[in-house]
There are 2 protein chains.
Amino acid sequence: MVNSKVDRRVKYTRMVLKESLMKLLNEKPINTITVKELCALADVNRSTFYSHYSDQYDLLSKIEEEIIHDMNDTLMSYNVTQNEDALVMIEKIVEYIAANSDSCRILLSENGDPSFRNRLMMIAHDYTMKTSMNQNMMIDEEMTEYASWFAVSGSIHVLESWLKNGMNKSPKQMAEMINHLINKGLASFKA
Amino acid sequence: MVNSKVDRRVKYTRMVLKESLMKLLNEKPINTITVKELCALADVNRSTFYSHYSDQYDLLSKIEEEIIHDMNDTLMSYNVTQNEDALVMIEKIVEYIAANSDSCRILLSENGDPSFRNRLMMIAHDYTMKTSMNQNMMIDEEMTEYASWFAVSGSIHVLESWLKNGMNKSPKQMAEMINHLINKGLASFKA
DNA sequence: TGATAAAACAACATCGTGTCCATTATAATT
DNA sequence: AATTATAATGGACACGATGTTGTTTTATCA
């Protein structure tokens, strides 16, 4: 156990700082949040903060790092093969986001961090495109790249809206819809 | 002429401040830009800055406002009817972005402003969805909303990449590709 | 050219910042 | 339980950006 070597006080300090920053991000953008007020909310001395993080942005990126890493691990554990259907992969991603909806909702919101969105897109790109896109050859190399990002960006934004709407559909429903939109576009929704 | 009533000095001050902020945004994110350095670059007194804008973010939003307003006007002038093909509307939007590629590239980049992206998406949403989506009835109200945002977000992101790549395709090519992706998805690109 | 208004200049208090160090409190170890 | 180690606190500090104010200089407009 590597984790057990970390002092309990350190664990608590980092945890409460992360929680407090997320609370503040739920109310206002990062650029209006000061280290001072963050520490006041967390009831942590400002000196202590600086012994862990260089500033608000550093703390935010650490929070994101944690989620991204955790998500990667989770997806890795499914050990998806090239042949497996892309729909399964999309489902796994949606389910992970659902399981971490609070954090994801905040980080993807108006007050969130665009770079988190980008990192998430990179993961989605890797995990879905490898399986679905490469199955068939595409006409144009550059166009393929554009098409791939179109799908990923659209998907992520749909999930952002979904989180904002309190997850009014099941993860399975969302995954199926996204899969349809990616592969067949709006045509698949026309009556 | 309403514009001619504005003092030349005021015009110059605002112009040079806008230009300077864009230059800085081309190099680093807004949260690392100070009013002090912005004024130094623009060679404008800090007091003068404050008589026009409350802070960097205010100035940035004014810049965005200008582009958004201008874009709306441009699109309005085409007076697109409900029946007109969505492809035409997409072309107009792509062409506008191409004509203002420098500003749009910066504002949509890593150092740009997410809210500009959102405003752009609102416009694209209004101008394309009204024409294309409503032509056919959709199955589910909520799903229609999701599908619409999927298309818009994907499209904007593709255009972001396109700008970043130095516009290696023609606006017409991009518009056609986007139109295909929206309506037929990846299926339309498979060999 | 004279009236008007904007920009520049200088000075100011304020606030958050980042970094000290000494002290206190708490966890880990024996 | 006592000891050791180390994390957190509290206070102080200089520093720089901020936002404001009043005065002077400069440019514009009519």
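How far is a base oxygen of DNA strand D from an N or O atom in the side chain of B:S47? The distance between the two is 3.3 Å. The model is predicted, so local features need pLDDT of at least 70 and side-chain atom pairs count only at pLDDT 80 or more, while totals for chains, interfaces and linings use all residues. Residues are numbered from 1 along each chain as its sequence is written, chains are lettered from A and ligands numbered from 1 in the order in which they are written, and side-chain values use heavy atoms, with hydrogens and water left out.

The surroundings of DNA strand D comprise 19 residues (a residue is near a strand if one of its heavy atoms lies within 4 Å of it). A:T13, A:N45, A:T48, B:R46 and B:Y50 come nearest to DNA strand D. Sugar or phosphate accounts for 67% of the atoms of DNA strand D within 4 Å of the protein, and bases for the rest. Polar contacts are pairs of N or O atoms within 3.5 Å; within protein, one atom must be able to donate a hydrogen and the other to accept it, and residues adjacent in sequence count only if both atoms are side-chain atoms. An N or O atom in the side chain of A:T13 lies 2.4 Å from a phosphate oxygen of DNA strand D. For B:K36, a backbone N or O atom is 3.1 Å from a phosphate oxygen of this strand. Two or more residues of the surface near DNA strand D come from each of α1 and α3 of chain A and α1, α2 (35–42) and α3 of chain B; helices are DSSP runs (H or I, at least four residues), as are strands (E, at least two), numbered from the N terminus. This surface has four nonpolar, seven polar and eight charged residues, where Ala, Val, Leu, Ile, Met, Phe, Trp, Tyr, Cys and Pro count as nonpolar, Asp, Glu, Lys and Arg as charged, and the others, Gly among them, as polar.

Around DNA strand C there are 18 residues, of which A:R9, A:Y50, B:T13, B:N45 and B:T48 come nearest. Of the atoms of DNA strand C within 4 Å of the protein, sugar or phosphate holds 66% and bases the rest. A base nitrogen of DNA strand C lies 3.3 Å from a polar side-chain atom of A:S47. For B:S47, the distance from a polar side-chain atom to a base nitrogen of DNA strand C is 3.1 Å. A polar backbone atom of B:N45 is 2.9 Å from a phosphate oxygen of DNA strand C. The residues near this strand comprise four nonpolar, seven polar and seven charged.

A turn of 180° with a shift of 0.0 Å along the axis lays chain B on chain A with an RMSD of 0.1 Å, the copies being superposed by least squares on the C-alpha atoms of residues with pLDDT of at least 70 in both. The two copies are thus related as by a two-fold rotation axis. The same surface serves both copies, since 98% of the contact residues of chain B recur in chain A.

Contact (heavy atoms within 4.5 Å) takes in 45 residues of chain B and 44 residues of chain A. About 4000 Å² is buried between the two chains, 65% of it on carbon and sulfur atoms; buried area is the accessible area (1.4 Å probe) that two parts lose on being put together, summed over both. B:Y146, B:F150 and B:L186 supply 21% of the area that chain B buries against chain A, more than any other three residues.

Two salt bridges (a side-chain nitrogen of Lys or Arg within 4 Å of a carboxyl oxygen of Asp or Glu) are counted between chain B and chain A. B:K169 pairs with A:E142 in a salt bridge, with the closest N and O atoms 3.0 Å apart. Across the interface, 19 residue pairs are in polar contact.
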